[in-house]
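User: I am new to this structure and would be grateful for a close look at one part of it, followed by an account of the surroundings of that part. Please keep the answer connected, so that each step leads to the next.

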Amino acid sequence: MSVALKSWRANEGPKHLIMMFWIAVNVFLFWRTFMMYFSGAQYYYLHKMLGLGLCISRASASVLNFNCSLVLLPMCRSLLTFLRGSQRVTGRCVRRLLDKSKTFHVACGVTICVFSVVHVSAHLVNMVKLMIFLALFLVPGVTGVLLVLVLFLMFTASSYCIRVSSYEIFWYTHNLFIVFYIILMLHVAGGALKYQSNVEARPPGCTHNNLSSWTNHKAAGEKGAEFSGAPQTVCQEEAHFQPHFPQTWLWVSAPLCLYCAEWLYRFIRSSTAPVTIVSVVSDPCDVVELRMLMSGFKPRPGQYIVLNCPSVSSFENHPFTLTTVSPFYGSIMEMDILSTCIFSNLIGSSAFLSRPRVHVDGPFGSPSEEVFNYEVSLCVAGGIGVTPFACVLQALFDDWRQYKLRRLYFVWVCRDLQSFYWFADLLCGLRERLWRDNRPDYLNVQLYLSNTRGLQVIGEERYRFLSSRLRIGRPKWKLLFQEIGRANQLKRVGVFCCGPKGISKALHTLCNSNPHTGTAFEYNKETFI
Amino acid sequence: MGKIEWAMWANEQALAAGLIYATGGIVGVAGQFRGWQFACFGIAAGVFVCLLEYPRSKRGKGTSVERTGQYCFTVCVKAFGPLTRNYYIRAFLHATLCVPGGFMLATVLGCVCLGIASLIYLTAAIHGEHWEPILPRREPPKRVGDSIKEPPQNPPPRPPPELRRKKADKLEAAAYDNPMSVTVSE
């Protein structure tokens with residue numbers, strides 16, 4: 001049990017710590033703003049008019065400020081790639097936290113939606129209390145309605161099934177975020193909310209010299225409950241109210257400027273670096289392999305790029321993992337991508353007719369880069385999810401000695417036998433190389449064919465290494481973990497998964513729960529969508 | 001680029017719009033706003049839209065992802081046949097349901113969101129999409145191959161015990177008796 005705790009601490013601990021800290025900051029901001037409007041002297045009259053609606057709307061607004069500023073930071077991909085790459089500055093714990101950047105972005109997004117609902121509901125109550133329905137047609141009202149509509153479009157197109165089925169809808173609606181931020185800046189500039197600026201000279205509950213004693217007594221009596229200790233003072237001047245400086249501008253401007261600067265840098269870099277498509281190969285199972293040459297580009301194994309092809313679609317950018325990265329000539333790098341998606345098929349078909357212009361944005365870091373930083377790694381790939389590991393295998397083939405990695409377990413689960421032919425040569429070549437270098441235990445390959453119908457074998461003589469490791473049916477993860485645990489006692493094993501949700505969930509559970517003779521399993525998941 | 005499934009997005013929007021409509025209605029009724037009767041209608045319409053939109057449609061191509069526990073809703077929605085299958089009818093229904101929400105402050109947002117969902121459903125209908133229920137696939141029961149008529153009743157014949165036992169003086173043959181010849185493994 002203590003070993004499972006060790007794995008759990010390594011896998012879940014830092015992530016949960018950051019989440020607890022983030023929730024604590026949100027709760028603190030909500031509570032502090034709530035109390036300021038509930039009992040602050042400068043908001044006394046406003047609170048009297050609006051009641052709880054004021055406090056809830058302002059408190060939710062401060063949480064919204066915080067999350068609108070944080071939500072952009074996980075999307076600064078070049079910055080995160082730089083942090084991941086500078087291994088001397090950031091430890092493995094921080095790099096593994098960077099893997100969770102998309103989850104954090106989603107958490108901030110959901111919080112923005114939830115607190116927008118709270119904020120809008122509270123303002124509706126405020127409007128009804130003050131009977132100022134025309135406020136809906138002022139700047140804060142109109143911008144507020146537009147913000148909700150933009151958020152509605154973005155949120156509804158961000159669900160997992162939309163991203164998987166129609167990525168374009170997600171992409172185009174999510175790029176409305178810039179409209180969201182512009183309208184947000186205008187929303188807070190209305191100056192509808194005012195505070196009393198001369199509380200010292202005219203504290204609430206003070207007595208007027210020229211008013212009747214009954215009025216003074218009533219006002220003092222009302223205020224008596226809150227300011228029972230304070231002596232009754234005379235109002236020295238009339239109350240002055242002035243609007244706040246829009247705090248949202250302070251919260252949001254820095255992350256927005258950072259994101260825009262980074263976007264500009266990526267745009268200039270991808271526009272000016274020329275990319276040539278060298279070959280387009282059709283592989284089995286509707287897969288297209290694109291080979292490209294690009295200069296001034298130094299990707300690391302496991303990284304991914306984002307492609308844009310104006311002849312296919314001007315505004316769409318799609319991510320692809322690099323399957324091969326090798327120096328071609330001088331500073332020119334040759335790289336391959338393997339894909340089943342329609343976008344790559346269209347690039348491929350247009351490449352047959354002419355030389356289409358392609359823009360490459362990246363390279364960006366991914367969890368698979370960490371494979372080399374463990375002594376023992378388990379890589380589990382599902383179907384086309386093998387692409388990040390293909391680059392890893394290629395890097396090991398080029399020079400396995402330079403890395404810390406000493407043993408690699410490679411499990412590949414496919415539905416179709418033909419899929420194994422994508423990297424059959426690479427696997428056999430790497431195994432030959434390792435045998436020649438007298439490291440036969442370095443690479444352990446297990447291939448699984450989940451489609452159990454009919455007799456299926458890899459018949460070719462040159463792939464005999466693979467055919468003897470081919471198993472029909474789904475893998476038994478518990479047995480695999482036990483085998484790895486027994487063979488690598490007291491070690492830290494990195495588990496990397498790129499495949500369907502079912503597999504990644506099973507692996508995640510096993511990494512945390514199964515005590516394996518002193519071996520700790522650290523879980524790293526690769527996601528694209 | 002590629003075939004966009006508009007209905008899937010319209011479904012997400014309509015579900016979210018139903019929740020917003022119902023929430024606005026609850027705020028309106030709880031706060032006893034002017035025109036709270038429209039808020040009551042908002043709650044009823046919001047809940048109805050949520051129930052109608054909860055079961056996802058089967059995708060034209062690819063794996064369909066079900067919502068948790070949607071099977072009973074699928075059966076109910078399927079029972080209405082062409083009324084729920086056709087997206088023109090759904091678009092018209094949502095457009096009709098959203099109109100009363102525009103008369104009350106709390107339900108205005110729900111009205112606008114449901115209106116947008118109605119437009120996207122109209123787009124889906126124009127593209128020829130329709131609602132298909134996701135039903136559990138019944139796999140045919142695994143049958144034993146036709147060539148196996150009857151499994152054997154008795155074990156295979158074995159040589160008598162004297163021949164089976166290895167003699168200790170024959171050291172070369174005293175090794176483990178393999179049932180079949182073994183070649184050097186790769």
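Analyst: Helices here are DSSP runs of H or I that are at least four residues long, and they are numbered from the N terminus. With that in mind, the close look begins at Ile126(B), which lies in helix α6 of chain B. The model is a predicted one.

Ile126(B) has a relative accessible area of 59% and counts as exposed, because the label applies to values over 50%. Along the sequence, Ile126(B) is 38 residues away from Tyr88(B), yet the C-alpha atoms of the two residues are 8.1 Å apart in space. This pair thus offers one view of how separate stretches of chain B are brought together. A broader view comes from the contacts in chain B between residues at least 6 apart in sequence: 73% of them join residues at least 24 apart.

The helix that holds Ile126(B) belongs to a chain with seven helices and zero strands. Read from the N terminus, the order of elements in chain B is α-α-α-α-α-α-α. Of the 186 residues in chain B, 36% are buried.

Two buried residues of chain B form a charged pair. The side chains of Glu5(B) and Arg59(B) meet in a salt bridge, with 3.3 Å from N to O. Glu5(B) sits in the segment before α1 of chain B, and Arg59(B) sits in the loop between α2 (36-53) and α3 (71-78) of chain B, so the salt bridge ties together parts that are 54 residues apart in sequence. Glu5(B) counts as buried at 15% relative accessibility, and Arg59(B) is buried with a relative accessible area of 15%.

The next step is the boundary with the other chain. In this boundary, 25 residues of chain B are in contact with 32 residues of chain A. About 2,500 Å² is buried between chain B and chain A, and carbon and sulfur atoms give 82% of that area. Between the two chains there are zero salt bridges, while two residue pairs are in polar contact, both at pLDDT 80 or more. The helix of Ile126(B) has a part here: α1 (6-30) and α6 (108-126) of chain B each supply at least two residues of the side that touches chain A. The largest share of that side, 10 residues, comes from α1(B). By type, the residues of the side of chain B that touches chain A comprise 16 nonpolar, three polar and six charged.

Across the boundary, chain A has 18 helices and 14 strands. Of its 529 residues, 51% are buried. Helix α6 of chain A, residues 101-130, has 30 residues and reaches 43 Å from its first C-alpha to its last, close to the 44 Å expected at 1.5 Å a residue. Met131(A) follows α6(A) and has a positive phi, near 55°.

A second helix of chain A, α15 (residues 424-436), has 13 residues and should span 18 Å at 1.5 Å a residue, which agrees with the 18 Å between its end C-alpha atoms. Its buried residues include Leu426(A), Leu430(A) and Arg433(A). Among the elements that cover the buried residues of α15(A) are α14 (387-398) and β10 (407-414) of chain A. Just after α15(A), Asn438(A) takes a positive phi of about 65°.

Asp437(A) joins this region to another. Its side chain meets that of Arg433(A) in a salt bridge of 3.1 Å, N to O, and Arg433(A) counts as buried at 16% relative accessibility. Asp437(A) also forms a salt bridge with Arg401(A), at 4.0 Å from N to O. The latter pair links distant parts of the chain, 36 residues apart: Arg401(A) is in the loop between α14 and β10 of chain A, and Asp437(A) is in the loop between α15 and β11 of chain A. Asp437(A) is partly exposed at 22% relative accessible area, and Arg401(A) is partly exposed at 48%. Elsewhere in chain A, Glu262(A), Arg266(A), Arg269(A) and Asp361(A) are linked in a network of salt bridges. Over all chains, the count comes to 23 salt bridges.

Definitions and conventions. Residues numbered from 1 in each chain as written. Chains lettered and ligands numbered in written order. Predicted model: local features only at pLDDT ≥ 70, side-chain atom pairs only at ≥ 80, totals over all residues. Heavy atoms only, no water. Contact = heavy atoms within 4.5 Å. Buried area = accessible area lost by both parts, 1.4 Å probe. Polar contact = N/O pair within 3.5 Å; in protein donor to acceptor, adjacent residues only side chain to side chain. Nonpolar A, V, L, I, M, F, W, Y, C, P; charged D, E, K, R; others polar. Expected span 1.5 Å × (residues − 1). Buried < 20%, exposed > 50% of the residue type's maximum accessible area, 1.4 Å probe, protein only.
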